[in-house]
Amino acid sequence: MQITSQRLRRRSSQPTWEKFRAEVRKIDRDSLLLEAAGATALIAKDALPEEAARQGLTPWNVADVARTALSWGGPDIRTAGSYDLRRLCNLNVNLVDEGTDAARRSNDRLARLLMRTFFEQFPGQRSIMAEVSRSLLLFGTASEHPQGFIPEAMKPGWFEGFMGGLSLDGYVEALLLIAVIAQQHSGAFSMDWLESPMFEGLEKVTSFDAVRQTFTEHLVTTVADFKLANRQHQDGVPSKQKKYAFNPLADKPFIADVAEFPIAPWGQAIISKALPPAIYHLARPALGDLFSRDLGAVFQHYVGRQLELVEGASSVLPEVQYGHRSAQIDSCDWFLELPELLVLIECKARQPIESLRIGGSDWLSSIEGSINKAIKQINRSDADIAKISASSPDIDPLKPRVGLVVTLEPFYLGQNWLMGEHLAEAELPTAVVSIADLETLVLHDADELVDVLRAAASASVNNRMAITPGFTTSEGRVNPLLDETWESIPFFQRVETVADGMRVESESSE
(Lines give C-alpha, C1' and ligand atoms only; values in the text may rest on other atoms or scores of the structure.)
Protein backbone atom coordinates (compact mmCIF):
# COMPACT_ATOMS: atom_id res chain seq x y z
CA MET A 1 0.00 0.00 0.00
CA GLN A 2 1.25 3.43 -0.92
CA ILE A 3 0.56 5.37 2.28
CA THR A 4 3.91 6.72 3.43
CA SER A 5 5.05 9.22 6.00
CA GLN A 6 5.68 11.62 3.12
CA ARG A 7 2.10 11.28 2.01
CA LEU A 8 0.84 12.14 5.47
CA ARG A 9 2.73 15.47 5.35
CA ARG A 10 1.77 18.27 3.03
CA ARG A 11 4.66 19.50 0.99
CA SER A 12 4.71 22.39 -1.39
CA SER A 13 5.95 20.04 -4.11
CA GLN A 14 2.92 17.77 -3.82
CA PRO A 15 0.52 18.21 -6.74
CA THR A 16 -3.08 19.27 -6.38
CA TRP A 17 -5.85 17.64 -8.39
CA GLU A 18 -6.00 20.72 -10.61
CA LYS A 19 -2.26 20.44 -11.30
CA PHE A 20 -2.64 16.74 -12.06
CA ARG A 21 -5.50 17.44 -14.48
CA ALA A 22 -3.44 20.12 -16.22
CA GLU A 23 -0.55 17.70 -16.71
CA VAL A 24 -2.86 15.05 -18.16
CA ARG A 25 -4.26 17.58 -20.63
CA LYS A 26 -0.78 18.29 -22.03
CA ILE A 27 -0.63 14.82 -23.59
CA ASP A 28 -2.60 13.39 -26.49
CA ARG A 29 -5.65 11.69 -25.00
CA ASP A 30 -5.99 8.71 -27.32
CA SER A 31 -2.34 7.66 -27.23
CA LEU A 32 -2.37 8.00 -23.43
CA LEU A 33 -5.42 5.72 -23.22
CA LEU A 34 -3.67 3.16 -25.42
CA GLU A 35 -0.68 3.25 -23.05
CA ALA A 36 -3.05 2.75 -20.11
CA ALA A 37 -4.79 -0.20 -21.76
CA GLY A 38 -1.48 -1.86 -22.57
CA ALA A 39 -0.12 -1.33 -19.07
CA THR A 40 -3.16 -2.76 -17.25
CA ALA A 41 -3.16 -5.73 -19.64
CA LEU A 42 0.44 -6.42 -18.63
CA ILE A 43 -0.49 -6.09 -14.96
CA ALA A 44 -3.33 -8.59 -15.43
CA LYS A 45 -0.83 -11.08 -16.89
CA ASP A 46 1.73 -10.39 -14.11
CA ALA A 47 4.10 -9.24 -16.85
CA LEU A 48 4.76 -5.69 -15.61
CA PRO A 49 8.27 -5.04 -14.26
CA GLU A 50 8.32 -4.52 -10.48
CA GLU A 51 10.14 -1.23 -10.95
CA ALA A 52 7.14 0.17 -12.85
CA ALA A 53 4.79 -0.69 -9.98
CA ARG A 54 7.14 1.01 -7.51
CA GLN A 55 6.97 4.11 -9.68
CA GLY A 56 3.18 4.20 -9.30
CA LEU A 57 2.09 2.14 -12.30
CA THR A 58 -0.72 0.33 -10.47
CA PRO A 59 -4.26 -0.39 -11.72
CA TRP A 60 -5.90 2.23 -9.51
CA ASN A 61 -3.49 4.98 -10.52
CA VAL A 62 -3.73 4.10 -14.21
CA ALA A 63 -7.53 4.08 -13.86
CA ASP A 64 -7.57 7.64 -12.55
CA VAL A 65 -5.16 8.85 -15.23
CA ALA A 66 -7.47 7.29 -17.83
CA ARG A 67 -10.58 8.80 -16.22
CA THR A 68 -8.98 12.24 -16.21
CA ALA A 69 -7.83 11.93 -19.82
CA LEU A 70 -11.30 10.86 -20.94
CA SER A 71 -13.01 13.67 -19.04
CA TRP A 72 -10.59 16.53 -19.74
CA GLY A 73 -8.11 15.48 -22.42
CA GLY A 74 -8.13 15.82 -26.19
CA PRO A 75 -5.91 15.67 -29.27
CA ASP A 76 -2.39 16.99 -28.78
CA ILE A 77 0.82 16.97 -30.77
CA ARG A 78 2.60 15.30 -27.86
CA THR A 79 2.05 11.56 -28.23
CA ALA A 80 2.10 9.61 -24.98
CA GLY A 81 4.80 7.08 -24.19
CA SER A 82 5.32 4.72 -21.28
CA TYR A 83 7.32 7.40 -19.45
CA ASP A 84 4.38 9.81 -19.60
CA LEU A 85 2.01 7.27 -18.10
CA ARG A 86 4.46 6.49 -15.28
CA ARG A 87 5.00 10.18 -14.55
CA LEU A 88 1.25 10.86 -14.38
CA CYS A 89 0.68 7.82 -12.18
CA ASN A 90 3.40 9.07 -9.85
CA LEU A 91 1.66 12.44 -9.69
CA ASN A 92 -1.58 10.66 -8.89
CA VAL A 93 0.03 8.79 -6.00
CA ASN A 94 1.10 12.04 -4.41
CA LEU A 95 -2.03 14.13 -4.82
CA VAL A 96 -2.60 16.35 -1.80
CA ASP A 97 -5.38 15.05 0.43
CA GLU A 98 -7.38 17.14 2.87
CA GLY A 99 -6.15 14.95 5.73
CA THR A 100 -2.45 15.52 5.11
CA ASP A 101 -2.01 18.88 6.84
CA ALA A 102 -0.53 18.00 10.21
CA ALA A 103 -1.66 21.32 11.70
CA ARG A 104 -5.29 20.54 10.89
CA ARG A 105 -5.21 16.79 11.17
CA SER A 106 -7.66 15.09 13.51
CA ASN A 107 -8.50 11.46 14.11
CA ASP A 108 -11.61 11.92 11.99
CA ARG A 109 -9.69 13.43 9.07
CA LEU A 110 -7.02 10.75 9.21
CA ALA A 111 -9.62 7.99 9.46
CA ARG A 112 -11.31 9.37 6.35
CA LEU A 113 -7.98 9.54 4.53
CA LEU A 114 -7.22 5.93 5.38
CA MET A 115 -10.71 4.80 4.35
CA ARG A 116 -10.41 6.52 0.97
CA THR A 117 -7.04 4.87 0.34
CA PHE A 118 -8.24 1.42 1.41
CA PHE A 119 -11.22 1.58 -0.95
CA GLU A 120 -8.97 2.85 -3.74
CA GLN A 121 -6.33 0.13 -3.49
CA PHE A 122 -7.60 -2.96 -1.69
CA PRO A 123 -10.42 -4.02 -4.09
CA GLY A 124 -7.85 -4.54 -6.83
CA GLN A 125 -5.93 -6.98 -4.65
CA ARG A 126 -8.71 -9.52 -4.16
CA SER A 127 -8.67 -13.11 -5.42
CA ILE A 128 -10.59 -13.25 -8.70
CA MET A 129 -11.17 -16.98 -8.31
CA ALA A 130 -12.74 -16.53 -4.87
CA GLU A 131 -14.79 -13.49 -5.89
CA VAL A 132 -16.21 -15.02 -9.09
CA SER A 133 -16.99 -18.24 -7.22
CA ARG A 134 -18.79 -16.24 -4.56
CA SER A 135 -20.91 -14.55 -7.24
CA LEU A 136 -22.05 -17.95 -8.48
CA LEU A 137 -22.63 -19.18 -4.92
CA LEU A 138 -24.79 -16.16 -4.10
CA PHE A 139 -26.49 -15.37 -7.40
CA GLY A 140 -25.86 -18.17 -9.94
CA THR A 141 -26.49 -21.87 -10.39
CA ALA A 142 -24.37 -22.74 -7.33
CA SER A 143 -26.53 -20.63 -5.00
CA GLU A 144 -28.74 -22.08 -2.28
CA HIS A 145 -31.74 -20.60 -0.52
CA PRO A 146 -32.47 -21.32 3.13
CA GLN A 147 -35.15 -23.88 3.89
CA GLY A 148 -38.62 -22.35 3.86
CA PHE A 149 -37.40 -19.13 2.23
CA ILE A 150 -39.86 -17.58 -0.22
CA PRO A 151 -38.02 -14.99 -2.33
CA GLU A 152 -39.72 -11.76 -3.31
CA ALA A 153 -37.25 -10.77 -6.03
CA MET A 154 -34.72 -13.61 -6.41
CA LYS A 155 -37.24 -16.03 -7.89
CA PRO A 156 -36.30 -18.53 -10.62
CA GLY A 157 -35.17 -16.56 -13.67
CA TRP A 158 -34.79 -13.31 -11.70
CA PHE A 159 -31.46 -12.39 -13.32
CA GLU A 160 -32.63 -13.24 -16.84
CA GLY A 161 -35.71 -11.13 -16.25
CA PHE A 162 -33.91 -7.79 -16.20
CA MET A 163 -30.96 -8.87 -18.38
CA GLY A 164 -32.93 -9.60 -21.54
CA GLY A 165 -32.69 -13.37 -21.16
CA LEU A 166 -28.97 -13.46 -20.36
CA SER A 167 -28.26 -15.85 -17.49
CA LEU A 168 -25.82 -14.96 -14.74
CA ASP A 169 -23.62 -17.92 -15.57
CA GLY A 170 -23.59 -16.92 -19.25
CA TYR A 171 -22.81 -13.34 -18.28
CA VAL A 172 -19.89 -14.43 -16.10
CA GLU A 173 -18.54 -16.73 -18.81
CA ALA A 174 -18.68 -13.91 -21.35
CA LEU A 175 -16.78 -11.60 -18.99
CA LEU A 176 -14.10 -14.22 -18.41
CA LEU A 177 -13.64 -14.71 -22.15
CA ILE A 178 -13.58 -11.00 -22.98
CA ALA A 179 -11.11 -10.30 -20.16
CA VAL A 180 -8.73 -13.01 -21.38
CA ILE A 181 -8.90 -11.83 -25.00
CA ALA A 182 -8.31 -8.21 -23.96
CA GLN A 183 -5.29 -9.21 -21.88
CA GLN A 184 -3.75 -10.84 -24.92
CA HIS A 185 -4.43 -7.83 -27.18
CA SER A 186 -3.10 -4.92 -25.08
CA GLY A 187 -6.54 -4.16 -23.65
CA ALA A 188 -8.42 -4.25 -26.97
CA PHE A 189 -11.47 -6.31 -27.93
CA SER A 190 -13.66 -6.38 -31.03
CA MET A 191 -16.79 -8.41 -31.70
CA ASP A 192 -15.57 -8.84 -35.28
CA TRP A 193 -12.69 -10.97 -34.00
CA LEU A 194 -15.09 -13.73 -33.00
CA GLU A 195 -15.68 -14.44 -36.69
CA SER A 196 -11.98 -14.52 -37.57
CA PRO A 197 -9.90 -17.72 -38.04
CA MET A 198 -7.97 -17.16 -34.80
CA PHE A 199 -11.17 -17.84 -32.82
CA GLU A 200 -12.33 -20.77 -34.93
CA GLY A 201 -13.98 -23.38 -32.70
CA LEU A 202 -14.66 -20.90 -29.92
CA GLU A 203 -18.39 -21.00 -30.68
CA LYS A 204 -18.33 -24.61 -29.45
CA VAL A 205 -17.13 -23.39 -26.07
CA THR A 206 -19.38 -20.42 -25.32
CA SER A 207 -22.38 -18.55 -26.65
CA PHE A 208 -21.34 -15.80 -29.03
CA ASP A 209 -24.78 -14.25 -28.53
CA ALA A 210 -24.08 -14.00 -24.79
CA VAL A 211 -20.66 -12.45 -25.50
CA ARG A 212 -22.18 -9.91 -27.91
CA GLN A 213 -24.96 -8.96 -25.51
CA THR A 214 -22.60 -8.66 -22.55
CA PHE A 215 -20.12 -6.54 -24.47
CA THR A 216 -22.52 -4.19 -26.24
CA GLU A 217 -24.93 -3.67 -23.34
CA HIS A 218 -22.65 -3.80 -20.30
CA LEU A 219 -19.03 -3.15 -21.19
CA VAL A 220 -18.61 -0.51 -23.90
CA THR A 221 -19.28 3.23 -24.03
CA THR A 222 -18.12 6.33 -25.90
CA VAL A 223 -16.00 9.27 -24.80
CA ALA A 224 -19.03 11.58 -24.79
CA ASP A 225 -21.14 9.23 -22.67
CA PHE A 226 -18.22 8.62 -20.32
CA LYS A 227 -17.84 12.35 -19.74
CA LEU A 228 -21.51 12.67 -18.82
CA ALA A 229 -21.30 9.73 -16.41
CA ASN A 230 -18.14 11.00 -14.77
CA ARG A 231 -19.61 14.45 -14.17
CA GLN A 232 -22.41 12.88 -12.16
CA HIS A 233 -19.91 11.29 -9.80
CA GLN A 234 -17.02 13.75 -9.73
CA ASP A 235 -18.41 17.25 -10.17
CA GLY A 236 -20.02 17.52 -6.73
CA VAL A 237 -16.98 16.18 -4.89
CA PRO A 238 -14.33 18.55 -3.44
CA SER A 239 -11.08 18.71 -5.42
CA LYS A 240 -9.13 16.80 -2.80
CA GLN A 241 -11.57 13.87 -2.99
CA LYS A 242 -12.14 13.75 -6.76
CA LYS A 243 -9.67 10.93 -7.38
CA TYR A 244 -11.69 8.73 -4.99
CA ALA A 245 -15.08 9.32 -6.62
CA PHE A 246 -16.62 6.41 -8.49
CA ASN A 247 -14.86 5.86 -11.79
CA PRO A 248 -17.35 5.07 -14.61
CA LEU A 249 -14.73 2.79 -16.18
CA ALA A 250 -15.72 0.35 -13.44
CA ASP A 251 -19.16 0.20 -15.07
CA LYS A 252 -18.19 0.44 -18.76
CA PRO A 253 -14.50 -0.52 -19.09
CA PHE A 254 -14.24 -0.26 -22.90
CA ILE A 255 -14.14 3.00 -24.86
CA ALA A 256 -15.30 2.55 -28.45
CA ASP A 257 -14.07 5.67 -30.18
CA VAL A 258 -10.44 6.31 -29.30
CA ALA A 259 -8.66 3.60 -31.31
CA GLU A 260 -9.17 1.16 -34.18
CA PHE A 261 -10.82 -1.28 -31.77
CA PRO A 262 -12.55 -0.67 -28.42
CA ILE A 263 -9.96 -0.55 -25.64
CA ALA A 264 -10.14 -0.97 -21.86
CA PRO A 265 -7.81 1.58 -20.21
CA TRP A 266 -8.48 -0.13 -16.87
CA GLY A 267 -8.43 -3.79 -17.85
CA GLN A 268 -9.04 -5.09 -14.32
CA ALA A 269 -12.52 -3.56 -14.41
CA ILE A 270 -13.67 -6.13 -16.99
CA ILE A 271 -13.61 -9.16 -14.72
CA SER A 272 -14.66 -6.99 -11.76
CA LYS A 273 -18.06 -6.81 -13.47
CA ALA A 274 -18.48 -10.48 -12.50
CA LEU A 275 -17.82 -9.90 -8.79
CA PRO A 276 -20.54 -9.68 -6.11
CA PRO A 277 -20.61 -5.85 -5.70
CA ALA A 278 -21.03 -5.39 -9.45
CA ILE A 279 -23.84 -7.97 -9.57
CA TYR A 280 -25.48 -6.20 -6.63
CA HIS A 281 -25.36 -2.79 -8.30
CA LEU A 282 -26.61 -4.33 -11.55
CA ALA A 283 -29.65 -5.90 -9.88
CA ARG A 284 -30.50 -3.32 -7.24
CA PRO A 285 -31.85 -0.59 -9.59
CA ALA A 286 -34.05 -3.13 -11.38
CA LEU A 287 -35.38 -5.03 -8.34
CA GLY A 288 -35.22 -2.46 -5.53
CA ASP A 289 -35.57 -3.18 -1.82
CA LEU A 290 -37.07 -6.61 -2.44
CA PHE A 291 -33.73 -7.72 -3.87
CA SER A 292 -31.82 -6.32 -0.88
CA ARG A 293 -34.08 -8.21 1.55
CA ASP A 294 -33.73 -11.45 -0.39
CA LEU A 295 -29.98 -11.08 -0.59
CA GLY A 296 -29.82 -10.67 3.18
CA ALA A 297 -31.41 -14.09 3.66
CA VAL A 298 -29.31 -15.73 0.92
CA PHE A 299 -26.11 -14.24 2.32
CA GLN A 300 -26.96 -15.40 5.84
CA HIS A 301 -27.42 -18.92 4.48
CA TYR A 302 -24.12 -18.70 2.60
CA VAL A 303 -22.31 -17.78 5.82
CA GLY A 304 -23.76 -20.95 7.35
CA ARG A 305 -22.43 -22.98 4.41
CA GLN A 306 -18.97 -21.59 5.10
CA LEU A 307 -19.19 -22.30 8.85
CA GLU A 308 -19.99 -25.93 8.08
CA LEU A 309 -16.52 -26.27 6.56
CA VAL A 310 -14.83 -26.05 9.98
CA GLU A 311 -13.46 -29.52 10.71
CA GLY A 312 -13.20 -31.14 14.13
CA ALA A 313 -15.35 -30.77 17.22
CA SER A 314 -17.67 -28.00 16.06
CA SER A 315 -21.33 -27.53 15.32
CA VAL A 316 -23.22 -24.79 13.51
CA LEU A 317 -26.53 -23.72 15.03
CA PRO A 318 -29.00 -21.37 13.32
CA GLU A 319 -30.82 -18.29 14.54
CA VAL A 320 -33.12 -18.89 17.50
CA GLN A 321 -36.44 -17.27 18.36
CA TYR A 322 -36.88 -16.89 22.10
CA GLY A 323 -38.98 -15.12 24.70
CA HIS A 324 -42.73 -14.96 25.12
CA ARG A 325 -44.71 -16.52 22.32
CA SER A 326 -46.62 -13.29 21.74
CA ALA A 327 -43.44 -11.20 21.35
CA GLN A 328 -40.58 -13.45 20.31
CA ILE A 329 -37.10 -12.07 19.68
CA ASP A 330 -34.65 -13.17 17.00
CA SER A 331 -31.16 -14.04 18.18
CA CYS A 332 -28.02 -13.37 16.16
CA ASP A 333 -27.92 -15.23 12.84
CA TRP A 334 -25.61 -18.13 13.72
CA PHE A 335 -23.89 -19.81 16.65
CA LEU A 336 -20.64 -21.73 16.14
CA GLU A 337 -19.96 -24.18 18.97
CA LEU A 338 -16.24 -24.82 19.38
CA PRO A 339 -14.28 -26.59 22.13
CA GLU A 340 -14.62 -24.30 25.16
CA LEU A 341 -15.78 -21.35 23.03
CA LEU A 342 -19.09 -20.13 21.60
CA VAL A 343 -19.04 -17.75 18.63
CA LEU A 344 -22.02 -15.43 18.07
CA ILE A 345 -22.32 -14.40 14.42
CA GLU A 346 -24.37 -11.66 12.75
CA CYS A 347 -24.44 -11.25 8.95
CA LYS A 348 -24.81 -7.98 7.02
CA ALA A 349 -25.15 -7.88 3.22
CA ARG A 350 -25.37 -4.08 3.02
CA GLN A 351 -22.83 -2.48 0.68
CA PRO A 352 -20.47 0.37 1.67
CA ILE A 353 -21.96 3.62 0.44
CA GLU A 354 -20.20 6.05 -1.91
CA SER A 355 -19.67 8.56 0.89
CA LEU A 356 -17.73 5.98 2.90
CA ARG A 357 -15.47 5.25 -0.07
CA ILE A 358 -14.58 8.89 -0.61
CA GLY A 359 -14.64 9.87 3.07
CA GLY A 360 -17.51 12.32 2.60
CA SER A 361 -19.32 14.24 5.31
CA ASP A 362 -21.86 11.45 5.94
CA TRP A 363 -19.27 8.69 5.62
CA LEU A 364 -20.37 6.97 8.82
CA SER A 365 -24.02 6.41 7.92
CA SER A 366 -23.54 2.96 6.37
CA ILE A 367 -21.49 1.88 9.39
CA GLU A 368 -24.04 3.15 11.88
CA GLY A 369 -26.92 1.56 9.98
CA SER A 370 -25.21 -1.78 9.40
CA ILE A 371 -22.11 -2.58 11.48
CA ASN A 372 -23.30 -0.89 14.67
CA LYS A 373 -26.70 -2.54 14.34
CA ALA A 374 -24.99 -5.92 14.06
CA ILE A 375 -22.81 -5.28 17.13
CA LYS A 376 -25.90 -4.37 19.15
CA GLN A 377 -27.62 -7.56 17.99
CA ILE A 378 -24.66 -9.64 19.18
CA ASN A 379 -24.70 -7.73 22.49
CA ARG A 380 -28.37 -8.60 22.99
CA SER A 381 -27.83 -12.28 22.18
CA ASP A 382 -24.91 -12.34 24.59
CA ALA A 383 -27.01 -10.80 27.35
CA ASP A 384 -29.91 -13.19 26.65
CA ILE A 385 -27.81 -16.32 26.19
CA ALA A 386 -29.59 -18.17 29.02
CA LYS A 387 -33.00 -17.53 27.42
CA ILE A 388 -31.65 -18.53 24.00
CA SER A 389 -30.21 -21.75 25.44
CA ALA A 390 -33.57 -22.55 26.98
CA SER A 391 -35.08 -22.43 23.48
CA SER A 392 -32.12 -24.24 21.89
CA PRO A 393 -30.46 -26.61 24.40
CA ASP A 394 -27.55 -27.33 22.01
CA ILE A 395 -26.24 -23.83 22.74
CA ASP A 396 -24.00 -23.93 25.82
CA PRO A 397 -24.52 -20.72 27.86
CA LEU A 398 -21.54 -21.48 30.11
CA LYS A 399 -18.85 -21.29 27.45
CA PRO A 400 -16.80 -18.12 26.99
CA ARG A 401 -18.16 -16.13 24.05
CA VAL A 402 -16.85 -13.95 21.22
CA GLY A 403 -18.72 -12.19 18.43
CA LEU A 404 -18.22 -11.92 14.66
CA VAL A 405 -19.94 -9.44 12.37
CA VAL A 406 -19.63 -10.82 8.83
CA THR A 407 -20.14 -8.39 5.95
CA LEU A 408 -20.63 -9.27 2.28
CA GLU A 409 -18.19 -6.56 1.22
CA PRO A 410 -15.18 -5.42 3.27
CA PHE A 411 -15.47 -2.21 5.25
CA TYR A 412 -11.75 -2.36 6.20
CA LEU A 413 -12.52 -1.53 9.81
CA GLY A 414 -9.83 -3.89 11.07
CA GLN A 415 -7.17 -2.02 9.11
CA ASN A 416 -8.46 1.43 10.09
CA TRP A 417 -7.72 1.54 13.81
CA LEU A 418 -9.21 5.02 14.09
CA MET A 419 -12.67 3.69 13.28
CA GLY A 420 -13.00 2.17 16.74
CA GLU A 421 -14.35 5.33 18.31
CA HIS A 422 -17.24 5.34 15.81
CA LEU A 423 -18.34 1.74 16.44
CA ALA A 424 -21.03 0.71 18.89
CA GLU A 425 -19.69 -0.48 22.23
CA ALA A 426 -19.24 -4.24 22.20
CA GLU A 427 -20.09 -6.10 25.41
CA LEU A 428 -17.98 -9.12 24.46
CA PRO A 429 -14.85 -9.39 22.30
CA THR A 430 -16.18 -8.76 18.78
CA ALA A 431 -14.56 -8.53 15.33
CA VAL A 432 -15.91 -7.16 12.06
CA VAL A 433 -14.78 -9.36 9.16
CA SER A 434 -15.71 -9.64 5.51
CA ILE A 435 -16.97 -12.86 4.00
CA ALA A 436 -13.55 -13.22 2.33
CA ASP A 437 -11.97 -13.19 5.80
CA LEU A 438 -14.45 -15.80 7.01
CA GLU A 439 -13.69 -17.99 3.99
CA THR A 440 -10.10 -18.08 5.28
CA LEU A 441 -10.98 -18.46 8.96
CA VAL A 442 -13.03 -21.62 8.32
CA LEU A 443 -9.94 -23.34 6.90
CA HIS A 444 -8.75 -23.74 10.49
CA ASP A 445 -9.97 -26.80 12.33
CA ALA A 446 -12.00 -26.31 15.50
CA ASP A 447 -9.03 -26.34 17.88
CA GLU A 448 -6.97 -24.00 15.69
CA LEU A 449 -9.89 -21.60 15.38
CA VAL A 450 -10.29 -21.51 19.16
CA ASP A 451 -6.62 -20.53 19.46
CA VAL A 452 -7.00 -17.81 16.81
CA LEU A 453 -10.11 -16.30 18.39
CA ARG A 454 -8.80 -16.50 21.94
CA ALA A 455 -5.60 -14.74 20.92
CA ALA A 456 -7.62 -12.02 19.18
CA ALA A 457 -9.88 -11.65 22.22
CA SER A 458 -6.90 -11.36 24.58
CA ALA A 459 -5.41 -8.61 22.40
CA SER A 460 -8.70 -6.74 21.98
CA VAL A 461 -9.07 -3.13 23.10
CA ASN A 462 -12.48 -2.18 24.47
CA ASN A 463 -13.70 -5.58 23.20
CA ARG A 464 -12.77 -4.68 19.60
CA MET A 465 -11.02 -7.70 18.13
CA ALA A 466 -8.74 -7.43 15.12
CA ILE A 467 -8.45 -10.64 13.12
CA THR A 468 -5.93 -10.98 10.32
CA PRO A 469 -6.97 -13.72 7.90
CA GLY A 470 -3.40 -14.55 6.85
CA PHE A 471 -2.76 -17.02 9.66
CA THR A 472 0.16 -19.40 9.24
CA THR A 473 -2.05 -22.31 10.29
CA SER A 474 -4.25 -21.88 7.19
CA GLU A 475 -1.54 -21.13 4.63
CA GLY A 476 -1.66 -23.43 1.62
CA ARG A 477 -5.18 -24.61 2.37
CA VAL A 478 -7.97 -24.22 -0.18
CA ASN A 479 -11.57 -23.37 0.57
CA PRO A 480 -13.37 -26.39 -0.93
CA LEU A 481 -16.66 -24.58 -1.55
CA LEU A 482 -14.96 -21.83 -3.56
CA ASP A 483 -12.58 -24.21 -5.30
CA GLU A 484 -15.29 -26.66 -6.37
CA THR A 485 -17.48 -23.83 -7.65
CA TRP A 486 -14.63 -22.36 -9.72
CA GLU A 487 -13.76 -25.77 -11.17
CA SER A 488 -17.41 -26.39 -12.05
CA ILE A 489 -17.79 -23.29 -14.23
CA PRO A 490 -19.15 -24.76 -17.51
CA PHE A 491 -16.91 -22.54 -19.62
CA PHE A 492 -13.77 -24.24 -18.32
CA GLN A 493 -15.27 -27.68 -18.79
CA ARG A 494 -16.25 -26.93 -22.38
CA VAL A 495 -12.79 -25.52 -23.16
CA GLU A 496 -11.24 -28.73 -21.88
CA THR A 497 -13.69 -30.86 -23.89
CA VAL A 498 -12.97 -28.98 -27.12
CA ALA A 499 -9.21 -29.13 -26.47
CA ASP A 500 -9.40 -32.91 -25.91
CA GLY A 501 -11.39 -33.30 -29.14
CA MET A 502 -8.83 -31.28 -31.07
CA ARG A 503 -6.00 -33.41 -29.69
CA VAL A 504 -7.79 -36.63 -30.68
CA GLU A 505 -8.49 -35.26 -34.16
CA SER A 506 -4.86 -34.22 -34.57
CA GLU A 507 -3.58 -37.62 -33.47
CA SER A 508 -5.93 -39.52 -35.77
CA SER A 509 -4.78 -37.48 -38.79
CA GLU A 510 -1.12 -38.28 -38.24
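The following paragraphs describe the buried parts of a predicted model, beginning with its nonpolar cores and ending with two buried polar residues.

In soluble globular proteins, nonpolar side chains tend to be buried together. In the present model, the largest nonpolar core holds 119 residues, and those that touch the most other members are Phe 254, Phe 299, Val 303, Leu 338 and Ile 345. A second core, separate from this one, is made up of 20 residues, among them Tyr 322, Phe 335, Ile 385 and Ala 424. The surroundings of Ile 345 can be given in detail: when residues up to four places away in sequence are not counted, Ile 345 touches Val 303, Leu 307, Cys 332, Asp 333, Trp 334, Leu 336, Leu 404 and Val 406.

Two cavities of 30 Å³ or more were found, and the largest of them has a volume of about 40 Å³. The lining of this largest cavity is formed by Leu 307, Leu 336, Leu 404, Leu 438, Leu 441, Val 442, Leu 449 and Leu 453, that is, by eight nonpolar residues, with no polar and no charged ones. Two or more residues of the lining come from each of the helices α17 (435–441) and α18 (446–458). Leu 307, Leu 336 and Leu 404, which belong to the lining, are also among the residues touched by Ile 345.

Helix α10, which spans residues 208–218, has Phe 208, Ala 210, Val 211, Gln 213, Thr 214, Phe 215 and His 218 as its buried residues. These buried residues pack against α9 (168–184) and α13 (276–307), as well as against the strands β1 (220–221) and β2 (254–255).

Buried positions are also taken by Ser 331 and Asn 372, each of which has a side chain in contact with a backbone nitrogen. Ser 331 is situated in the loop that runs between β5 (329–330) and β6 (334–338), and because its relative accessible area is 0%, Ser 331 counts as buried. Although Ser 331 and Val 320 are eleven residues apart in sequence, their C-alpha atoms are 5.3 Å apart in space, and a polar atom of the Ser 331 side chain lies 2.8 Å from the backbone nitrogen of Val 320. Apart from neighbours within four places in sequence, the contacts of Ser 331 are with Glu 319, Val 320, Tyr 322, Gln 377, Ser 381 and Ile 388. Asn 372, for its part, is found in helix α15 (residues 365–383) and counts as buried because its relative accessibility is 8%, which is under the 20% cut-off. The side chain of Asn 372 reaches the backbone nitrogen of Ala 424 at 2.7 Å, and Ala 424 is itself a member of the second core.

How values were computed:
Residues numbered from 1 in each chain as written. Predicted model: local features only at pLDDT ≥ 70, side-chain atom pairs only at ≥ 80, totals over all residues. Heavy atoms only, no water. Buried < 20%, exposed > 50% of the residue type's maximum accessible area, 1.4 Å probe, protein only. Helix = DSSP H or I, 4+ residues; strand = E, 2+ residues; numbered from the N terminus. Contact = heavy atoms within 4.5 Å. Polar contact = N/O pair within 3.5 Å; in protein donor to acceptor, adjacent residues only side chain to side chain. Core = buried A, V, L, I, M, F, W, Y, C linked by side-chain atoms within 4.5 Å. 1 Å grid on protein atoms, 1.4 Å probe; cavity = no way out; pocket = protein on both sides within 12 Å on 5 of 7 lines; lining within 4 Å. Points joined across faces, edges and corners; volume = space filled by probe spheres on them. Nonpolar A, V, L, I, M, F, W, Y, C, P; charged D, E, K, R; others polar.
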